[in-house]
Structures are given as C-alpha cells and as structure tokens.
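Visitor: I would like a close look at a single part of this assembly, and then a walk outward from there. Could you take me through it?

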Number of protein chains: 2
Amino acid sequence: MPHAADSGRPTMRDVAREAGVSQSLVSIIFRGAPGASDATRRRVQEVADRLGYVRDESARSLRSARSTNIGVVFQTRQPFHSEMLDGLYTATVGMPNRLILSAVSEARDEAVAIRDLVSYRCGALVLLGPRMPEEELIELGGTIPVVSVARRCPSAGVDWVVSDDAQGMGLALDHLVRLGHRHITFLSAPVSPGGREREHAFQDAAETRGLTDEVIIARGGMTEAEGVEAAERILSLPELPSAVIAFNDRCALGVLDVLVRAGVDVPGEVSLIGFDDSQIASRKPILLTSVRQDPMSLARFAAERAVQRMSPEGPASEPRGTILPVTLTIRATTGPAAG
Amino acid sequence: MPHAADSGRPTMRDVAREAGVSQSLVSIIFRGAPGASDATRRRVQEVADRLGYVRDESARSLRSARSTNIGVVFQTRQPFHSEMLDGLYTATVGMPNRLILSAVSEARDEAVAIRDLVSYRCGALVLLGPRMPEEELIELGGTIPVVSVARRCPSAGVDWVVSDDAQGMGLALDHLVRLGHRHITFLSAPVSPGGREREHAFQDAAETRGLTDEVIIARGGMTEAEGVEAAERILSLPELPSAVIAFNDRCALGVLDVLVRAGVDVPGEVSLIGFDDSQIASRKPILLTSVRQDPMSLARFAAERAVQRMSPEGPASEPRGTILPVTLTIRATTGPAAG
DNA sequence: CTGAAAGCGCTTACAG
DNA sequence: CTGAAAGCGCTTACAG
C-alpha cells in the first residue's frame with residue numbers, strides 16, 4: 001500500500017540488473033571508488049547512459065557518512081557575485097563536491113537562504129558578501145564550516161577571504177599621485193560588506209602618502225544609482241576633485257555616466273578609478289581603470305577551504321583569514337592631472 | 001558498525017522525544033498536514049526552534065511520493081535572469097514548493113545544469129532562456145514537465161511563456177511614428193533565444209505601418225559589447241537613422257554609451273528604444289525608453305504552470321504556450337524626429 | 001568482484 | 001492524537 005514514487009526514473013538497481021552486476025558494484029562505479037575493473041566500469045557506464053540513469057542526489061546525500069556538498073549563498077543583482085559563481089563552478093570541475101545555490105533576493109533574506117542550504121545537508125557554506133550581523137555569522141560558524149567571501153570575520157570559527165584593499169588603495173593612489181593628482185575624493189560605502197575596511201584603507205593610504213589634507217571621503221555606495229547621486233553632488237561643488245576613487249565599479253559607472261553627460265572630460269578634467277574590475281569595466285567605451293579583485297581566485301580559495309574544512313583530515317586550526325593580492329588595471333579613465 | 005553521519009543536527013526523532021510526542025506527529029506538523037491541534041503545533045514548533053531543528057530536505061524529498069521541487073536553470077551574467085529569479089522566489093513564497101537553482105556558466109553547460117536538477121528529484125523544470133536545440137528540449141519535455149521561459153517550443157510536451165514581441169514592436173513603432181520617425185533601424189540578435197521571433201515581429205510591425213522601405217534590420221546582439229559595435233557601424237554611415245530599436249536593454253545601453261560619447265544628441269538626433277525594461281533602464285541618467293517585459297509575471301506564470309504540471313490533478317492538456325502582454329515605458333531616450 | 005544487510009531521516013498509511 | 005512499520009535510493013562494511 002505504500003506509495004507510488006515511481007517517477008519512472010531508473011535506479012541503481014535497474015542499472016545493475018540490466019548490466020548483470022550487483023547494485024553494490026554500480027555504486028562503487030558511480031562513486032569512483034576502487035573495486036571494479038576498467039572494462040566493467042565502461043560497460044556499466046554505457047548501460048547507465050542507455051537507460052538515462054542519473055544518480056539520485058537526495059539518496060546519496062542522505063546515506064553518505066560525510067556531506068560533501070558546498071552550499072553557496074549569493075545575491076541576485078550583484079554582477080560580481082555572478083562572476084564568483086562562475087569561478088566556483090570552474091574551481092569545482094572534476095571535484096566530487098557539488099555546489100548547491102541559494103539566492104538572497106527581495107523576497108528571500110539571508111537567514112532563509114542559509115536554512116535552505118542546511119536542509120540540503122551541505123557540509124560547508126560559502127557566503128558571498130554576507131550581510132548578517134557579526135554575532136550571527138560567528139554563531140553559524142559554530143554549527144557548520146563557513147567561508148565568508150569579501151567580508152572579514154574576527155573569529156576563530158569562521159574562515160574568510162578578502163581582497164587586499166590596503167594594497168589596492170595603495171596602487172590606486174600611487175597611480176594617481178604619479179599622474180600629478182592630489183585632490184582625490186573617495187566615494188565610500190560604509191554599510192556594505194567590507195565597506196569600513198575599504199574606507200580605512202583609503203585613509204591609511206592617503207596618510208602614508210602625505211595627502212591627508214587634500215583628500216576627501218564622501219558618500220558613495222555600492223550601486224550605480226548611488227554613484228549617480230554622488231556625482232551630482234560633486235558637480236555642484238565649487239571645484240571638481242582632480243580624481244575620484246569609487247567604492248566599486250558599479251558606483252564608478254554611475255559617476256562616469258553623469259560626468260560624461262555633464263560634458264566633463266574624463267580623464268582630462270577628472271580621473272576615475274573603480275574597484276572589482278568587473279566585466280563591464282573592460283567594455284568599450286567605458287574602459288574604466290579599476291583595482292582588480294580576481295573573482296576566480298576568491299572563488300577557488302573559498303571552494304578549497306570549504307572542502308578542507310569538511311574533510312576529517314582537514315586542518316582544524318590554521319589561519320582563518322586570507323587576504324588575496326590585487327592588481328591595478330589601467331584603462332582610459334585615468335590620466336595626467338590638469339594644470 | 002555502520003557510519004557516523006552524526007553531524008549533530010537534531011532529527012525529527014529528537015524533536016519528538018523532547019516535545020513528548022510521536023515522530024509521526026512532528027512530521028504532520030512540519031508538513032502542515034491535518035491531525036494536530038493548534039496548541040500542539042505551537043508547542044512542537046517551539047521545541048524545534050529551541051533545538052535548532054531544520055527538516056532534512058534530502059530525506060523528505062527521497063521519501064515523498066510526489067516531488068514538489070521546482071528546478072530552475074538560469075544564466076549567470078544575465079541581469080534579466082536575476083530579475084526572474086527574484087520573481088520566482090516571490091511567486092513561491094508560502095507555497096510548499098522549493099526552488100532548486102542550477103546555473104549555466106562558462107564552465108557549466110545547460111545539459112549538466114539540467115542533469116543536476118534531475119538528480120535532486122525536481123518534479124518540474126523552469127528553464128530561463130534555454131539555448132539547447134529544439135529536439136533536445138522536446139525530448140526533455142517527454143521525461144519531466146518543462147516550462148521554457150522566453151523561448152517558444154512548438155511541441156505539445158513543453159510549456160512555454162514569452163512576452164508578446166509583436167505587441168511590443170507595435171507599441172515601439174507606434175510611439176516612434178507618432179513622434180515623426182520613419183527611418184528606423186532594428187538591431188537584431190537572431191541567434192539568441194527568441195531572437196528570430198523578435199526580428200519577425202519588427203518586420204511585420206513595419207510592414208503593417210507601411211514603413212517597409214524606410215526601415216533597416218542590422219546586426220545587433222544581446223550584450224552591451226555588441227550594442228557598442230552596432231553603434232560604431234551606425235556612426236560610420238553617411239546618414240544616421242532617426243530612431244533605433246535594440247534587441248534588448250543591454251544592447252541599447254551599449255548603443256547609448258557610444259552615441260552620447262560621440263556627441264550625438266539622444267533623443268534630439270536619434271531616438272532609442274530597448275527591450276526588457278530592466279532595472280538599469282530606469283536608472284538616472286540613462287532613462288531608456290523600453291518595451292517592458294515583466295519578469296515578475298513571467299516568473300509567476302512559470303511557477304504556477306510548473307506546479308500544475310507536477311500535481312496529478314493538474315491539467316494534462318491545455319494550451320502549452322502563453323504570450324504575456326507587454327507595455328511601453330516611455331522615458332528620456334525617445335523624442336520628436338529631427339526636422 | 002557478488003550478495004545480503006543495515007540504515008540515513010524522513011513520509012505515509014494503518015490500527016488503536 | 002500514538003506507535004509500530006515499511007520503504008524512498010542510495011552508501012557502507014562484511015563475508016564469501
């Protein structure tokens with residue numbers, strides 16, 4: 001009387017029967033475990049393909065002693081998150097670990113996204129730019145291995161990987177100073193993940209270079225719209241800064257749009273630098289000079305660390321925080337200071 | 001000797017023991033099935049929350065007679081897909097159906113993305129702008145209920161939902177004609193999902209309005225970069241068209257960037273219309289006139305149809321294709337024809 | 001390699 | 001409501 005879960009999908013049992021082997025052997029083959037000859041592997045694989053067999057992930061995951069799934073929380077509408085997703089998929093090609101995605105969007109907050117991943121037996125979580133309070137992040141890290149990407153976490157229980165904002169700011173400022181700029185405005189986004197760090201990095205870098213009095217920190221943001229507003233405020237000033245560093249590329253794009261339309265020559269009158277070096281930065285005719293955070297490296301690191309933490313042999317205690325180097329991609333929005 | 005799957009996560013059994021009820025009852029409560037008083041529901045829920053219980057989705061999904069999971073294939077780097085993801089999450093709030101995401105990216109093709117969803121026991125698939133050959137799409141539809149979004153499929157075995165391109169083109173052309181435009185260029189993207197339909201819609205709409213001789217179909221594309229190239233070709237012509245309709249907003253943005261920088265007055269010299277009315281279209285200072293495809297409506301329809309097809313009582317045969325109406329959002333890139 | 005077995009955490013009927 | 005039971009499709013050890 002029980003059920004009729006019969007979706008018609010073939011099971012391992014079907015493959016085994018059809019190939020004339022035991023079900024255990026099929027399992028061995030699909031897990032890539034030792035215990036089958038190459039010839040048998042090929043034959044069974046062929047039968048499976050012919051039947052259209054797809055291993056049931058729910059059953060595998062339920063029965064497995066260790067979970068090897070990596071849960072990924074990302075935000076829709078964040079192009080940089082999309083690039084990191086690409087990187088995560090690339091980084092896990094050929095690995096037995098599967099990526100389980102969970103999006104944060106208007107109708108779905110981070111807590112729900114995380115709970116969903118837990119319910120799918122993820123062995124570790126990769127959180128892209130998590131926005132939850134720090135206490136919650138730390139608490140979560142006590143439950144399950146967590147890798148926070150693009151946000152630091154001062155706890156021994158949470159791994160994190162960020163780009164080197166201090167280095168990035170140094171590169172940006174050195175580039176500008178070399179071009180003769182001194183009146184430089186940084187458009188900050190203190191409420192975003194990693195926003196405070198980037199602001200401090202700017203302050204420190206300016207100080208080190210003796211620019212403290214000539215430098216301004218102004219309200220920016222992490223979206224194009226906020227960049228637009230910031231640019232409008234800048235245009236209303238009695239004097240334009242000679243260079244602007246934006247919190248990220250999206251903000252820089254908003255600024256650029258407004259400046260170009262206002263007839264401001266970029267970089268003739270104002271130089272502009274973004275952060276991320278996202279796909280759009282390299283696009284003609286934008287050609288934005290930008291501090292390059294490599295989404296691929298961030299993703300690869302996050303995936304590797306997640307896998308390490310899941311495995312029993314993994315390093316249980318090791319530096320939890322990692323800072324990846326950045327580079328400056330110089331394009332067409334920076335040039336010699338006017339005058 | 002079996003395993004040590006003990007992740008420490010509490011199970012239904014733990015909740016039952018702690019709450020002093022049977023495991024069956026906890027299951028009833030978590031499924032929202034009848035058979036428990038409100039008071040008991042509250043009490044058990046409290047215990048579950050206290051223990052940090054999260055229902056195991058692998059087990060639920062494995063044991064359930066019918067799968068209610070909706071698998072979603074989307075493309076990273078497609079902002080419109082992100083908007084539809086938001087819509088899908090919004091549309092499924094409060095429904096028992098869960099969304100399982102699977103991305104198509106550089107390192108991961110559509111076939112792999114789909115296979116992954118099958119392995120997670122999805123009861124139906126929602127494919128955003130599928131790019132596979134039509135035969136494969138039809139074959140897939142024979143295996144599992146499929147809803148193709150933004151691409152038609154002439155088969156009784158596949159549901160699809162698209163925006164009304166014919167209506168959209170009509171709205172766009174009427175708007176332009178009313179403003180006095182006759183020399184109108186359409187930037188096409190024939191290889192993209194739904195690309196051919198949109199091109200035909202333009203041709204038909206132009207014909208209906210007696211514009212056949214004054215209208216041009218040129219190479220466009222679905223990315224900003226292709227829009228940039230198209231705009232550069234347009235600028236090299238002896239005479240500018242009086243209006244341009246782009247395949248989508250991304251293409252239109254590339255065009256707009258180039259025109260603005262070339263000192264072309266938009267809409268003074270050239271009017272510009274996009275398709276999608278994506279978030280970025282409404283952004284200052286872009287303010288792109290665009291044919292509005294509502295991602296929310298597309299998503300809601302896709303989710304509802306997927307649920308219908310999964311349920312045994314669902315309409316087994318009904319119109320499979322649905323065309324949703326569009327609107328024209330008029331902003332700042334369209335104006336009276338010059339002269 | 002085979003074969004029989006246990007069991008992951010649930011859902012699902014069923015008798016009380 | 002309870003309680004005992006079967007079983008989803010796998011993984012995992014174990015004796016042969």
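Visitor: In which loop of chain B is Pro285(B) found?

Guide: Happy to take you there, with one reminder before we start: this is a predicted model. Pro285(B) sits in the loop that runs between strand E9 (271–276) and strand E10 (289–292) of chain B. The peptide bond leading into this proline from Lys284(B) is cis, with omega near -10°. Chain A has a cis bond here too: from Lys284(A) to Pro285(A), omega is near -5°. Pro285(A) is placed in the loop between strand E9 (271–276) and strand E10 (289–292) of chain A.

From that loop, let us turn to how the two chains are arranged. A turn of 180° with a shift of 0.0 Å along the axis lays chain B on chain A, with an RMSD of 0.1 Å. The two copies are therefore related by a two-fold axis. If you want to find that axis from chain B, go to Ser58(B): its C-alpha is the one in that chain nearest the axis, 2.2 Å from it. The copies use the same surface for their contact, since 100% of the contact residues of chain B recur in chain A.

Now to the contact itself. Chain B gives 59 residues to it and chain A gives 59 residues. Between them the chains bury about 5100 Å², with 53% of that area on carbon and sulfur atoms. On the side of chain B, the residues that lose the most area to chain A are Arg77(B), Tyr120(B) and Arg261(B), together 13% of what that side buries. Arg77(B) is worth a pause for its backbone as well: its phi is positive, about 75°, although the residue is not a glycine. You will find Arg77(B) in the loop between E1 and H5 of chain B.

The interface of chain B and chain A also holds 10 salt bridges. A salt bridge joins the side chains of Arg283(A) and Asp257(B), at 2.6 Å from N to O. Across the same interface there are 30 residue pairs in polar contact, counting pairs with both residues at pLDDT 80 or more. Several elements of chain B supply at least two residues each to the side that touches chain A, among them strand E1 (69–75), helix H5 (79–92), helix H10 (224–235) and helix H11 (249–261). The largest share of that side, 7 residues, comes from H11(B). By class, the side of chain B that touches chain A has 26 nonpolar, 13 polar and 20 charged residues.

That leaves the DNA, beginning with strand D. There are 27 residues around DNA strand D, and those that come nearest are Ser27(A), Ala36(B), Ser37(B), Thr40(B) and Arg63(B). Both chains appear in that list. Among the atoms of DNA strand D within 4 Å of the protein, 64% belong to sugar or phosphate, and the rest to bases. On the backbone of the DNA, a phosphate oxygen of strand D is 2.5 Å from an N or O atom in the side chain of Ser27(A). On the bases, a base oxygen of strand D is 3.2 Å from a side-chain N or O atom of Arg63(A), and a base nitrogen is 3.5 Å from a polar backbone atom of Ala59(A). The elements giving two or more residues to the surface near strand D are helix H2 (23–31) and helix H4 (57–63) of chain A, together with helix H2 (23–31) and helix H4 (57–63) of chain B. H2(A) gives the largest share, 4 residues.

Strand C completes the tour. DNA strand C is surrounded by 28 residues, the closest being Ala36(A), Ser37(A), Thr40(A), Arg63(A) and Ser27(B). Sugar and phosphate account for 66% of the strand C atoms that come within 4 Å of the protein. Phosphate oxygens of strand C lie 2.7 Å from a polar side-chain atom of Thr40(A) and 3.4 Å from an N or O atom in the side chain of Arg31(B). A base oxygen of strand C is 3.2 Å from a side-chain N or O atom of Arg63(B). H2 and H4 of both chains each supply at least two residues of the surface near strand C, and the largest share, 4 residues, comes from H4(B).

Terms used:
Residues numbered from 1 in each chain as written. Chains lettered and ligands numbered in written order. Predicted model: local features only at pLDDT ≥ 70, side-chain atom pairs only at ≥ 80, totals over all residues. Heavy atoms only, no water. Least-squares fit on C-alpha atoms with pLDDT ≥ 70 in both. Contact = heavy atoms within 4.5 Å. Near = heavy atom within 4 Å. Polar contact = N/O pair within 3.5 Å; in protein donor to acceptor, adjacent residues only side chain to side chain. Buried area = accessible area lost by both parts, 1.4 Å probe. Salt bridge = Lys/Arg side-chain N within 4 Å of Asp/Glu carboxyl O. Nonpolar A, V, L, I, M, F, W, Y, C, P; charged D, E, K, R; others polar.
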